[in-house]
Amino acid sequence: MKTFKSGGVHPEENKLSAGAAIEALPLPEKVFIPVSQSLGAPSKLIVEKGAVVKTGQLLAKGEAFISSNVHSSVSGKVSRIEEITDTSGYRRTAVVIDVEGDEWDGQIDCSREIKAEITLSREEIVKKINEMGVVGLGGATFPSHVKLMVPEGKKAENLLINGVECEPYLTSDHRLMLERSREMLIGIQILMKGQDVKKAYIGIEKNKPDAIDHLKKLAAEYPGIEVVPLKVKYPQGGEKQLIKAITGREVPSGKLPIEVGCVVNNVGTALAVYEAVQKNKPLFERVVTVTGKSLKKPSNLLVRIGTPVNKLIDFAGGLPGDTGKVINGGPMMGKALTTLEVPVVKGTSGILVMPEKESKRMPVVNCIRCARCISVCPMGLEPVLLAQLSENQMFENAENERILDCIECGSCHFTCPAGRPLLDYLRLGKNKVGIIIRNRGKK
Amino acid sequence: MSLLTVSGSPHVHGHQNVKSIMYGVVVAMIPAIFVSVYFFGLDAARVIFISVAACLFFVWIIQKYLLKGPLTINDGSALVTGVLLAFNVPSNLPVWMIVVGALVSIGIAKMSFGGLGKNPFNPALIGRVFLLISFPVQMTSWPVPKALFAPGVTDAVTGPTTLGILKEGLNAGKSVQELMGSSGFPGYMNDMIGAQGGSVGEISAIALLLGAAYMYFRKIITWHIPVAYTGSAFVFSGILWLVDPARFIDPVMHMLAGGMILGVFFMATDMVSSPMSPRGQLVFGVGAGLLTILIRVWGAYPEGVSFAILIMNAFTPLINRSFKPKRFGEVPAKS
């Protein structure tokens, strides 16, 4: 069974919602759509207060090279444009729309039939994906059209599709692979065409045997697409780990996957690409797992972007009384929310409600130099050393020890028997080293 | 609704903590404790009890009255040190010497460096070596264990250890074969089971290996140090033995006699004082193996395990600096 070689951990999987079919969440009365929802430069707002918009209408335009369009997820009237707290905890500009009916933009193909034939050319595909505001749905929200533009002198050989879903609890990708498989496979074909590659691999971990069997059967009809079962190990969904697991290649430190001829896209992104290119449908809704041990009805919901998180929790049975923490994303890399008013954005893959007794960290004691953090680090770093350097503000040393290679998977903190907040210190160190490097460039 | 808890990721934690690791080590030592009490009688239990009690007492008094910091007496690390110190002394050692050993182990080797996780040397070994150098007579007069199925307890006669017999005999000009054939020599089987003279916890290879297997499967230790240590000691002593079997002890006897198994699995693997990267651990193990045989063969003492491990402990910071784990993406990408 394939997997990446060094490091990794195996947290309890807790895939409570794996059997729950995707349900559409009823429209909320109001949506809060942040103007910037992807990596890169902020998008430029093009609507004003009082404007009447349709579902799928452009709200903000991504003008820089790395930025993306944002569309309205509902029809109605723009009641306010204001600063709100988003899932990252920062204050960001958002468009507030009072929902009236659900009138879709006329260009969107609303029919349910699957359109298999790809008529657009390579350039048109890239343009369309850009126009429809498709970004990576695995969590990093990197604009998808930028990934399709291979830099001068490089050649993409393999397209890797990430169906690993190695985060505990999350099941949205799993359900998509079961329920929207045909569209997803066509989306993968579109990406292959857009990138001009002949070979695509869908990496799926062994804990989803139904998805592996189902996609293997279907993929036989799509030349060049192969399903690769992977051993269950976190963080296999990390881009560099997935490339290592499937192709055996190692992306050099500080470089992008294209360096080894690979491009990685999430399964959800493949579906969004299908909808954008074949159906003219902008990215304004996504599947979100709402889950937790005390939650009445762990679910996978098709949610319009901008829907407040508490609507999702209400639909899944309401906030349990013993709730201590609510996380945007999975328990390994997700962010704890400060309020439940925050809206779902393009990068929201799950909402995890954790009971009070699991919400607190364990007490911190002295490091016993057991080196477990070193043995689990998938990047071959020494988290104990890097944390120490950060703690003592020796950031240049931390840079030399390659702190910027850290992918923030949290395996070190997860495994530390002394409960030391290793990743907290590593994040601090990465941040400071980043500033030092930027200042160096200015001189 | 009450306020939500907010903290950085990850939000879940693995099952191991310092306490579970320390108590895991204690559990792994239980078979050796039983064997020891069987062969040496209640004297062995007495030594272990006094050593553990003294270690816990010194941690408590130092933390409470000297450091005035939080008490960590129940984290299990002083318990491990206590049992290990007892494992490293003869079962007839006077009470006050055990207490002095505990004071050196806990007070000097551990707490003065900052307590748990900060000690550069293995505390129990520092205690043992201190006692060995200060009280050489008491530390090297070993009670003779009773025979395997003999009734009752040992009759407090003292005699040399397996390695002691060989060292003295070789110095007197006898050959290894002659010495191993002499009456009173324990032989392979007795060394395996534990019917040999020696410190409280080192006599039975089988009991110690059982504990080591437990630690390995509980993921408390990794294979690197034990394999490198025994491997290098086996090969080095094997070469010497092939050169002259009359003058040098065979490698299997080296493995079974003295404190080899105890040292390899319970003290060289001490995570605090051994290197962190797998490569570093291999280097550490090889070095300790070579030093052990070097001291056993050419040194003044018949046994070299404690000195070898302590010397390698001193190299640990240097090894940590020189042998880094293999970084991801360090090699040029293959095409």
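The exercises below work through the core, the chain interface and one sheet of this predicted model.

**Exercise 1. The nonpolar core**

Find which residues of the largest nonpolar core touch the most other members, and which helix gives the most to this core.

Solution. Begin with the core as a whole, which holds 219 residues, and within which V273(A) and L312(A) touch the most other members. Next, turn to the helices, where α1 of chain B, residues 18-40, gives the most to this core, with 11 residues. Finally, look around V273(A) itself: leaving out residues up to four places away in sequence, V273(A) touches I129(A), V134(A), S144(A), G187(A), I190(A) and L191(A).

**Exercise 2. Chain A against chain B**

Work out how many residues of each chain are in contact, and which element of chain A gives the most to the side that touches chain B.

Solution. Start with the contacts, in which 55 residues of chain A meet 36 residues of chain B. On the side of chain A that touches chain B, at least two residues each come from β15 (323-328), β16 (335-336), α12 (411-415) and α13 (422-442). Of the elements there, β15(A) gives the most, with four residues. As a last step, sort the residues of this side by character, which yields 29 nonpolar, 12 polar and 14 charged.

**Exercise 3. An open sheet**

Determine the strand order of the open four-stranded sheet in chain A, and name its edge strands.

Solution. The order is β2-β8-β7-β4, with antiparallel pairing. The edge strands, each pairing on one side only, are β2 (30-34) and β4 (52-53) of chain A. Follow β4(A) to its partner β7(A), residues 76-85, with which β4(A) pairs in the antiparallel sense over two bridges; here V52(A) stands opposite K77(A).

Terms used
Residues are numbered from 1 along each chain as its sequence is written. Chains are lettered from A and ligands numbered from 1 in the order in which they are written. This is a predicted model: local features need pLDDT of at least 70, side-chain atom pairs count only at pLDDT 80 or more; totals for chains, interfaces and linings use all residues. A nonpolar core is a set of buried Ala, Val, Leu, Ile, Met, Phe, Trp, Tyr and Cys residues joined through C-beta atoms within 7 Å. A residue is buried if 20 or more other C-beta atoms lie within 10 Å of its own, exposed if 12 or fewer, and partly exposed in between; C-beta atoms are placed from the backbone. Two residues are in contact if their C-beta atoms, placed from the backbone, lie within 7 Å. Ala, Val, Leu, Ile, Met, Phe, Trp, Tyr, Cys and Pro count as nonpolar, Asp, Glu, Lys and Arg as charged, and the others, Gly among them, as polar. Two strands pair if DSSP finds at least two bridges between them.
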